[in-house]
Amino acid sequence: MPRSLSKIDKMSGDEIKDLKHRLHSFQGGECFLCGRPINLEADETEIDHIVPLADKGPDEEANWALLHSVCNDRKSAQNLNLARILMRFENTKEEYGGALTTAQVLEMHGGSTQQLHVDDRGDSVLVRYECRGSIKEIEAPIIVDPNNLNYRSFFIELPIEVLHHDFELNPRKIINADKLIKEFWRKNPQLHVALCRLQIDTEAKKGDVLLFDGQHKTAAQIFLGNRAVPVRVFLNPDKDRLKEANRRAHKELRQVEFFKSVLDDLGQDIFSQHFRRFLEDETGIPKSEKAFIESLEADTRVEMKRNLYHYLKTTVKNSEDPRNEFFDYVELDQPRSKTWPISYDSVEKTFLRHFIDSSPCEAPVDADYDEENDYPRNTERKNLVILMNIVTDYVLREKFDKSLGIAKLEDRIKKGEVIPDNHLRAYRMFRPAVFVVWCEFLKEAIAMYLIAKGKITNDMRNRNRVLWAQMDGRDWEAIAKMIDKLASHKLWIDRGPVISNAFGQTRPEFFRKLLEEGIIDGIGKILGEPINIQYLFNAAGSDNNCLSDYILAIGLDDFSTAIEKYLFYLHEISDLGPKLLCLFDHEINQLLA
Ligand SMILES: [Zn+2]
């Protein structure tokens, strides 16, 4: 995106020079980003906005900063206040050889200077420390672990002066805290507290608070300038057992990442809330996804675009008008299914990836829309659901038999178990590696058909906007024929060992070659008729690829217009053009004969 023009761009050479001198002395002679000295005579320097213009930062001297050009080039955030924190973290890390220990982070910020005084009163503790010359006392209730009474702990906020790094329980170094720094800088709360242990000397009633978990978030808070962090402190715990529990928490018991469909649901929630607020509040700018994303701070746009995509995927999944019946056969609760033939991961890499334009839509949501000319996102969703429902009709509904399941199906066939064709087809067509290949071919075939009919442009095809076309009954009939032809291929029900073994393959490249050319490496050509784009596309016309049928299919009365369209579309589909041109010549000759 081109940067908006600033007053600085209109200044003369002398004015710039004066401005640089003023900023230089205002910044104490240091670069705003790296904090190292700037030599105005020798160093290449630039002036940039602290809060970017794109984030509504004012275009005035108070918002201008002087930087080394090299620093400006390698900054990792648009907002310079954030960028300088990230850069100072990076530079500090470099100074310490590429990684930091929590101890080093604490020490360089004036931490780890005191012990914590603790008066253990049984049900509570009274802790005491010195803070800026005065003594602070806080009482905190003691929590006893319900399963092991020996584990007693309390929650408290402690200044970094009393925090120490627990080398013994956590020898790991801090390598990357960028994400957490950005997270907290955006004012998102720290969700989990850091964990510490405290071995108290019974005589002196004091000891070192040793931080053994949560060192990355603690370091991030410290780099953001915070002097105190929330912690949970275990009192005189069994150290070895705690060490083992902590190790297990990071390995065997590591929190399972949110499953993809759950992530989509969460993301769609965030997007729809923010988007709704934008639509209600903003006036005078277009009410579109694009305008919404552009209204956000530059650093948060990438994330909101991701949430937009989560949102779009979820609206297809949860569509009620029409209802998406394909998802009746998709496993939504876990990555792999023993029951259903399709994983959510697969749907994401196929229908959702090829038929949803994930970039923000420029069309306003509140323009005058009607049946003929609907809001593109509605058209996209409805058409995609119809497409998925057609596939459901031809391959899944009353064909996939849930009671037979999918576990070790090819093995069961080899052992002689009788599996009906319909069930086998439904199973094989949705093996992840072959599903991604035929879905891509299907998309291309549909795109060719719609380009030929003048319903979409090649640019729309490239931008995943194939289903932004206004479709009619005849279009859906043509597409249904493609899907019927796809599902009718012998590949899906051939029980011979070569094909059966082939379905054990998990690489899409394997199936790309098999479907496109009918070839398995090392075995040779095994499909008489490959399942490629042309195979699917031809289904839309007729059974014998005759030009007159083609003209009939695209519904043009005027022969010369048909030829013109046909040539236009050959030109559009440049990679397939030559092949189809041969076909075309052949048909012309037949017609003339
Ligand atoms: Zn610098």
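**Helix, patches and odd backbone spots**

Reader: Let's dive in: which helix holds Leu266?

Author: Helices here are DSSP runs of H or I with at least four residues, strands are E runs of at least two, and both are numbered from the N terminus. This is a predicted model in which local features need pLDDT of at least 70 and side-chain atom pairs count only at pLDDT 80 or more, while totals for chains, interfaces and linings use all residues. Residues are numbered from 1 along each chain as its sequence is written, and side-chain values use heavy atoms, with hydrogens and water left out. Leu266 sits within residues 260-281, which is helix α8.

Reader: Is Leu266 buried, partly exposed or exposed, and why?

Author: Buried means under 20% relative accessible area, exposed means over 50%, and partly exposed is in between (1.4 Å probe, protein chains only). Leu266 has a relative accessible area of 39%, so Leu266 is partly exposed.

Reader: Which residues form the nonpolar surface patch with Leu266?

Author: Patch members have over 30% relative accessible area and no salt bridge; like charges are joined within 9 Å, and nonpolar side chains (Val, Leu, Ile, Met, Phe, Trp, Tyr) within 5 Å. A salt bridge needs a side-chain nitrogen of Lys or Arg within 4 Å of a carboxyl oxygen of Asp or Glu. Areas follow Shrake-Rupley with a 1.4 Å probe, and for residues only the protein chains shown count as cover. Together the patch has about 200 Å² of accessible area, and the partners of Leu266 are Val262 and Leu263.

Reader: What about charge: which residues form the negative patch?

Author: Lys and Arg count as positive, Asp and Glu as negative, with His and the chain ends not counted; a charge is placed at NZ of Lys, CZ of Arg, CG of Asp or CD of Glu. One member, Asp368, is in the loop between α11 (344-355) and α12 (376-396), and Asp368 counts as exposed because its relative accessibility is 78%. The negative patch is made of Asp368, Asp370, Glu371 and Glu372.

Reader: Now inside: why does Val209 count as buried?

Author: Val209 is part of strand β11 (residues 209-213). Contact means heavy atoms within 4.5 Å, and beyond four places in sequence Val209 touches residues including Leu116, Leu158, His164 and Val233. Val209 counts as buried because its relative accessibility is 0%.

Reader: How many Å separate the C-alpha atoms of Arg512 and Phe441?

Author: Arg512 belongs to helix α19 (residues 508-517), and at a relative accessible area of 29% Arg512 is partly exposed. Outside its four-place neighbourhood, Arg512 is in contact with Val437, Glu440, Phe441 and Glu517. Arg512 and Phe441 are 71 residues apart along the chain, and their C-alpha separation is 9.6 Å.

Reader: Any backbone oddities? Which two residues does the cis peptide bond join?

Author: Most residues other than glycine have a negative phi, and most peptide bonds are trans. Pro322 is in the loop between α10 (298-317) and β13 (330-331). With omega at about 0°, the cis bond links Asp321 and Pro322.

Reader: And what is the phi of Asn236?

Author: Asn236 sits in the loop between β12 (228-235) and α7 (239-250) and counts as partly exposed at 39% relative accessibility. Its phi is positive although the residue isn't glycine, with a value near 40°.

Reader: Zooming out, what percentage of the residues is buried?

Author: The protein has 23 helices and 16 strands. Among its 593 residues, the buried share is 49%.
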